[in-house]
Amino acid sequence: MASIAVCPGSFDPITYGHLDIIRRGAKVFDEVYVVVLNNSSKNPLFSVNERMDLIKHVTKDLQNVKVDEFQGLLIDYAQSVNANAIIRGLRAVSDFEYEMQITSMNRVLNENIETFFIMTNNQYSFLSSSIVKEVAKYDGKITELVPPIVEKALHEKFER
């Protein structure tokens with residue numbers, strides 16, 4: 001049986017922190033679905049399709065990574081692709097508390113799908129998409145935070 005994992009997130013936009021988690025997950029699992037959350041209650045900078053395109057571009061060298069979108073319960077999506085795992089990245093203890101609640105609920109919904117936490121690389125422990133967008137908005141340096149294509153897309157979004 002193939003090991004299939006789902007790596008969910010808003011990825012608005014994808015950062016080197018996200019990419020670190022995806023790459024490391026791709027080393028462990030046979031297939032990794034990077035799924036973009038389509039949350040209508042949020043006001044993202046990039047559309048779902050734009051986010052998916054950016055993710056596809058920066059993961060094109062990872063043959064076992066697929067990019068998709070979902071709306072609704074993550075556990076339902078995971079079941080639909082026969083995933084047996086969910087990958088979640090952790091930056092700090094505060095992330096763990098939130099993720100533990102979600103993991104506990106997912107286990108109630110389907111105890112056959114395990115959640116694997118991957119600690120982000122220390123150099124990305126402070127990094128979030130929100131911080132990147134804020135710095136990019138004011139034309140700050142983000143070269144070390146996001147892949148070049150993402151940096152270009154951010155500059156295009158914030159052109160004045």
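1. Let's start with strand β1, whose two faces are both covered: I4, V6 and P8 lie on one side, A5, C7 and G9 lie on the other, and all of them are buried. Keep in mind as you read that this is a predicted model. Six of the six residues of β1 are buried, so this strand is largely enclosed by the rest of the structure.

2. Which strands does β1 pair with? One partner is β2, residues 31–37, which pairs with β1 in the parallel sense over six bridges. If you would like a spot to look for on the screen, find A5 in β1, which stands opposite V32 in β2. To get from β1 to β2, the chain passes through α1, and this β-α-β crossover is right-handed. Strand β4 is another partner: β1 and β4 run parallel and are joined by two bridges. Here you can look for V6, whose bridge partner in β4 is I86.

3. Now follow the chain into the loop between β1 and α1, because two details of the backbone deserve a second look there, and a general rule helps: most residues other than glycine have a negative phi, and most peptide bonds are trans. F11 is found in this loop, and its phi is near 50°, a positive value in a residue other than glycine. Is F11 buried or exposed? With a relative accessible area of 2%, F11 is buried. P13 lies in the loop between β1 and α1 too, and the peptide bond leading from D12 to P13 is cis, with omega near 0°.

4. Another positive phi is worth finding. N82, in the loop between α3 and β4, has a phi of about 60° although it is not a glycine. Its setting can be read from its accessibility: at 58%, N82 counts as exposed, because the cut-off for that label is over 50%.

5. Next, the inside of the protein. As a general background, nonpolar side chains tend to be buried together in soluble globular proteins. The largest nonpolar core of this model has 35 residues, and those that touch the most other members are I14, I22, V32, I87 and L154. Several elements, namely β1, α1, β2, α2 (48–58), β3 (65–70), β4, α5 and α6 (148–157), each supply at least two residues of this core. Which element gives the most to this core? That is α2, with five residues.

6. L154 is a good residue to pick out from that core. You will find L154 in helix α6, and L154 is buried, with a relative accessible area of 0%. For a sense of spacing, the C-alpha atoms of L154 and L127 are separated by 16 Å, and these two residues are 27 apart along the chain.

7. Finally, take a look at the largest pocket, which has a volume of about 1,200 Å³. Its lining is made of 40 residues, and P8, G9, S10, R88 and E99 are the closest to its centre. P8 and G9 may be familiar from the opening point, where they were named among the buried residues of β1. At least two lining residues come from each of β1 (4–9), α1 (16–28), α3 (74–80), β4 (85–90), α4 (93–109) and α5 (129–137). Helix α4 gives the most, with seven residues. What kinds of residue make up the lining? There are 19 nonpolar, 13 polar and eight charged residues.

Technical notes:
Residues are numbered from 1 along each chain as its sequence is written. This is a predicted model: local features need pLDDT of at least 70, side-chain atom pairs count only at pLDDT 80 or more; totals for chains, interfaces and linings use all residues. Side-chain values use heavy atoms; hydrogens and water are left out. On a 1 Å grid over the protein atoms alone, a cavity is a set of points where a 1.4 Å probe fits but cannot get out, and a pocket is an open set with protein on both sides within 12 Å along at least five of seven lines; lining residues have an atom within 4 Å of a point. Grid points are joined across faces, edges and corners, and a volume is the space filled by probe spheres set on the points. Helices (H or I, at least four residues) and strands (E, at least two) are DSSP runs, numbered from the N terminus. Ala, Val, Leu, Ile, Met, Phe, Trp, Tyr, Cys and Pro count as nonpolar, Asp, Glu, Lys and Arg as charged, and the others, Gly among them, as polar. Buried means under 20% relative accessible area, exposed over 50%, partly exposed in between (1.4 Å probe, protein chains only). Two strands pair if DSSP finds at least two bridges between them. A crossover is right-handed if, with the strands pointing away from the viewer, the path from the first strand over the helix to the second runs clockwise. A nonpolar core is a set of buried Ala, Val, Leu, Ile, Met, Phe, Trp, Tyr and Cys residues joined through side-chain atoms within 4.5 Å.
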